[in-house]
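Subject: Handing over the structure

Hello,

Here is the structure I promised to pass on to you. Please have a look at it first, and then read on for what I found.

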Amino acid sequence: MSRTATPAPSIRRVAIVGAGTIGASWAALFLAHGLSVVVSDPAPDAEAQTRARVQAAWPVLKELGRVAKGASFEALVFEPDLARALVDADFVQENAPEREDFKIDLFARMDALLPAHVIVASSSSGLIMSRLQARCQHPERFVIGHPFNPPHLIPLVEVVGGDKTSSEVIDQSIAFYKAIGKYPIRLNKEVPGHIANRLQAALWREAIHLAAENVASVADIDAAVSQGPGLRWALFGPHMTFNLGGGAGGLANFMDHLLGPVQTWWDDLGAPEMTEELQRKLIEGVAAEAGQRSIADIVHARDAQLTALIKVLHR
């Protein structure tokens, strides 16, 4: 089933500031939907890497029916100079290094270069927009639009404004992301790490604790997620999952019968100290889990499996 959609008519040219894996993935998605895309990154090898990543993503996008008629990955424009890259942009997706001081300076520079109506969305995985927009003359147009990696496949985008972001900008950003097939969610307040990263950080903390306590190998702890609840989480989040766990009585019945045991699990959750020894244990554990597979091999398998899963979920 095709997932292509017509982007908001007011947004036809997108500037991507900061390439890397996230920026290139965004570029592939925007290009696939027929948008004009310019990528800007000062790194000397950024253009070659970006074009290679976009080209590598294209077959998957075509398989998912996300490539609009006439769209081409070759239409990507690369411009290392920030000022030139922002000319005529209708929307900016920023993916610069996850450093607050760097982004504050970058946002102030972009703010001075762009017309006041152009929205700037940040892919920041956990920084607070209220602080990032502090030096901007037009802070109302800055918003968090945090995707999950890889953005050209994973639908989620977390959208949250800072203290000075206008509600209209949040609404327009959500509408734009929906128009290109994303699943934007609106955060009512700012929290470090937003929602999804906080959830996965909480799970990882307990996974590290279990490894530190030698409850199981790193590979088996990973399998306890991927071969169990992770399969259900592809369909429903934790609240709906436990609602179903309560049978006909739903979440109320689940709480009546199982909240007590769950509370004892919460009380026993760990808070591991990431010593050098524990870090080595985790690194060696994932190396054993990977076996002879390289990072590239694992990424290829991940994207192939994600593609198959997304096709099933979108039937």
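One cut-off to keep in mind: a residue counts as buried when its relative accessible area is under 20%, and as exposed when that figure is over 50%. By that rule His194, at 2% relative accessibility, is buried. Please also bear in mind throughout that this is a predicted model.

How far to trust it

The average pLDDT of the protein chain is 95, and 97% of the residues reach at least 70. Residues 1-6 are where to be careful, since the pLDDT there is below 50. That stretch still has 18 contacts in the model beyond near neighbours in sequence.

The overall picture

The protein chain contains 13 helices and eight strands. Measuring along the principal axes, the C-alpha trace spans about 60 × 45 × 45 Å. How does the radius of gyration fit a compact globule of 315 residues, and what are the two values? The rule gives a value near 20 Å and the protein chain has 21 Å, so the two agree.

Of the 315 residues, 41% count as buried. Among contacts with a separation of 6 or more, 71% are between residues 24 or more positions apart. The accessible surface of the protein chain is about 17000 Å², and 57% of that belongs to carbon and sulfur atoms.

Two helices towards the end of the chain

Helix H12 covers residues 276-290. Its 15 residues, at 1.5 Å a residue, should span 21 Å, and the end C-alpha atoms are indeed 21 Å apart, so expectation and model agree. Leu278, Leu282, Gly285 and Ala290 are the buried residues of H12. Because these residues cover an arc of only 135° around the axis, they lie on the same side of H12. Turned away from that buried side is a face with the exposed residues Glu276, Glu277, Ile283, Glu284 and Ala288. What do the buried residues of H12 pack against? Their partners are H7, H8 and H13. Just after H12 comes Gly291, with a positive phi of about 65°.

Helix H13 covers residues 295-313. With 19 residues at 1.5 Å each, H13 should span 27 Å; the end C-alpha atoms are 26 Å apart, which agrees. Buried in H13 are Asp303, Leu306, Thr307 and Ile310. They cover an arc of only 105° around the axis, so they sit on the same side of H13. The buried residues of H13 pack against helix H2, residues 46-63.

Some backbone details in the loops

A few spots are worth clicking on. The peptide bond from Asn149 to Pro150 is cis, with omega near 0°. Pro150 belongs to the loop between strand S6 (142-147) and strand S7 (156-161).

Which loop holds His194? The one between strand S8 (183-186) and helix H7 (196-212). His194 is not a glycine, yet has a positive phi of about 60°.

Asn214 also has a positive phi, near 60°, and is a residue other than glycine. You will find Asn214 in the loop between H7 and helix H8 (218-226). Is Asn214 buried or exposed? At 56% relative accessibility, Asn214 counts as exposed.

Two alanines to look at

Ala121 is in strand S5, residues 119-122. With a relative accessible area of 0%, Ala121 is buried. Leaving aside residues up to four places away in sequence, Ala121 touches Phe91, Val92, Gln93, Glu94, Val143, Gly145 and Tyr177. Ala121 and Ile170 are 49 residues apart along the chain, and their C-alpha atoms are separated by 9.6 Å.

Ala108 is in helix H4, residues 100-113. Its relative accessible area is 17%, so Ala108 is buried. Not counting residues up to four places away in sequence, Ala108 touches Arg135 and Cys136. From Ala108 to Ala290 there are 182 residues in sequence and 43 Å in space, C-alpha to C-alpha.

Best wishes, and happy exploring!

Terms used:
Residues numbered from 1 in each chain as written. Predicted model: local features only at pLDDT ≥ 70, side-chain atom pairs only at ≥ 80, totals over all residues. Heavy atoms only, no water. pLDDT = per-residue confidence, 0-100. Contact = heavy atoms within 4.5 Å. Helix = DSSP H or I, 4+ residues; strand = E, 2+ residues; numbered from the N terminus. Expected span 1.5 Å × (residues − 1). Buried < 20%, exposed > 50% of the residue type's maximum accessible area, 1.4 Å probe, protein only. Arc of directions from axis to C-beta. Rg over C-alpha atoms; globule rule 2.2 N^0.38 Å. Areas by Shrake-Rupley, 256 points an atom, 1.4 Å probe, with all protein chains shown as cover.
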